[in-house]
Amino acid sequence: MSPEAVTPKGENPPRTVVVSGGTNGMGRAVALGRAARGDTVIVLGSNREKGERLLDEAARLEVTGAIEFEQVDLSGIDDTRAAVRRIAARHDVLDALTLFANRQAPRRTVTADGLEQVFAVYYLSRYLLSHELSPLLRRSRTPVIVNVAGVGTTKGRLHWDDLQLEDEYGMVTAQLQAARANDLLGARFAAQH
């Protein structure tokens, strides 16, 4: 029997949702809200203590859905791909992918992969998650990707000759560049799918 057959008219069946950057701010609110609706929510975050606080809050609120915390450093290519594999091992279908993860850095930080950290988290992790979780999303009747960003900003640019900002790093410059790359990701992804 399909979920629609047992779900009262006007109500949505439970969904499985991934929330990157789900231990803080808007991502946290979305995770708790979706779990309160009865959804299964997989929260990706780098900080174990924040993840445990989120799980404690969900228990305190007696949310009806389940929250799974997946500790992952989204600035790392291998870590992000490993998280995708763990999600795929536990879930056959994803209904939604929400991308909130971002990390500001006053000083230029280089990841283990040799990438500028803001670019790696704000752009590359979203690229990897959206593309590599696509097979699971395609199995949903109504898949959706929500890529939370400051679209429409006219400031900043992509430094094509210095994507890793080795020559002129600044916190705002890094954020604006990653935001522009993220805008292109969304446009290209929509065009392909």
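The exercises below work through the sheet, a helix pair and several loop residues of one predicted model.

Residues are numbered from 1 along each chain as its sequence is written, and side-chain values use heavy atoms, with hydrogens and water left out. In this predicted model, local features need pLDDT of at least 70 and side-chain atom pairs count only at pLDDT 80 or more, while totals for chains, interfaces and linings use all residues.

**Exercise 1. The sheet**

Task: Give the strand order of the open sheet, and state which strands are at its edges.

Solution.
- Step 1. Helices (H or I, at least four residues) and strands (E, at least two) are taken as DSSP runs, numbered from the N terminus.
- Step 2. Two strands pair if DSSP finds at least two bridges between them.
- Step 3. The open sheet has five strands in the order β3-β2-β1-β4-β5, with parallel pairing.
- Step 4. β3 (67–71) and β5 (144–147) are the edge strands, since each pairs on one side only.
- Step 5. From one strand to the next, the twist averages 15 degrees.

**Exercise 2. Strand β1 and its partners**

Task: How many bridges join β1 to β2, and how many join β1 to β4? Then decide whether the faces of β1 are covered or open.

Solution.
- Step 1. β1 (residues 16–20) pairs with β2 in the parallel sense over five bridges.
- Step 2. Within this pairing, Val17 has Val41 of β2 as its bridge partner, and Val18 has Ile42.
- Step 3. Toward β4 (residues 96–99), β1 is joined by four bridges, and these strands run parallel. Here Ser20 has Leu99 of β4 as its bridge partner.
- Step 4. Burial is judged by relative accessible area: buried is under 20%, exposed is over 50%, and partly exposed is in between (1.4 Å probe, protein chains only).
- Step 5. Both faces of β1 are covered, with Thr16, Val18 and Ser20 buried on one side and Val17 and Val19 buried on the other.
- Step 6. For β2 (residues 40–45), five of its six residues are buried.

**Exercise 3. Helices on the sheet**

Task: Which strands does α4 touch, and what angle does the direction of α4 make with that of β3?

Solution.
- Step 1. Contact means heavy atoms within 4.5 Å. Axes are lines fitted to C-alpha atoms, for helices over the stretch in contact, and angles run from 0 to 180 degrees between N-to-C directions.
- Step 2. α3 (residues 48–61) lies across β2 and β3 and runs at about 180 degrees to β3.
- Step 3. α4 (residues 77–90) packs on the sheet and touches β1, β2 and β3, its direction making about 150 degrees with that of β3.

**Exercise 4. The pair α5 and α7**

Task: Describe how α5 packs with α7, and name residues that meet in the contact.

Solution.
- Step 1. Two packed helices are described by the angle between their axes and the distance between the axes.
- Step 2. α5 (residues 117–132) and α7 (residues 171–192) pack at an angle of about 15 degrees, with axes 8 Å apart.
- Step 3. This angle makes α5 roughly parallel to α7 (under 35 degrees is roughly parallel, over 145 roughly antiparallel, 65 to 115 roughly perpendicular and the rest oblique).
- Step 4. The crossing of α5 past α7 is right-handed, which applies if the near helix is turned clockwise from the far one by less than a right angle, and left-handed if anticlockwise.
- Step 5. Among the α5 residues in the contact are Val118, Phe119, Tyr122 and Arg126, and the α7 residues include Ala178, Asn182, Leu185 and Phe189.
- Step 6. The contact residues divide into eleven nonpolar, six polar and one charged.
- Step 7. In this count Ala, Val, Leu, Ile, Met, Phe, Trp, Tyr, Cys and Pro are nonpolar, Asp, Glu, Lys and Arg charged, and the others, Gly among them, polar.

**Exercise 5. Loop residues**

Task: Is Ala149 buried, partly exposed or exposed? Treat Glu62 and Leu165 in the same way.

Solution.
- Step 1. Ala149, in the loop between β5 and α7, counts as partly exposed because its relative accessibility is 28%.
- Step 2. Beyond residues up to four places away in sequence, Ala149 touches Tyr122, Arg126 and Asn182.
- Step 3. Glu62 lies in the loop between α3 and β3 and counts as exposed at 67% relative accessibility. Glu62 has a positive phi of about 55 degrees although it is not a glycine.
- Step 4. Leu165, in the loop between β5 and α7, is buried, with a relative accessible area of 1%. Its phi is also positive, near 50 degrees.
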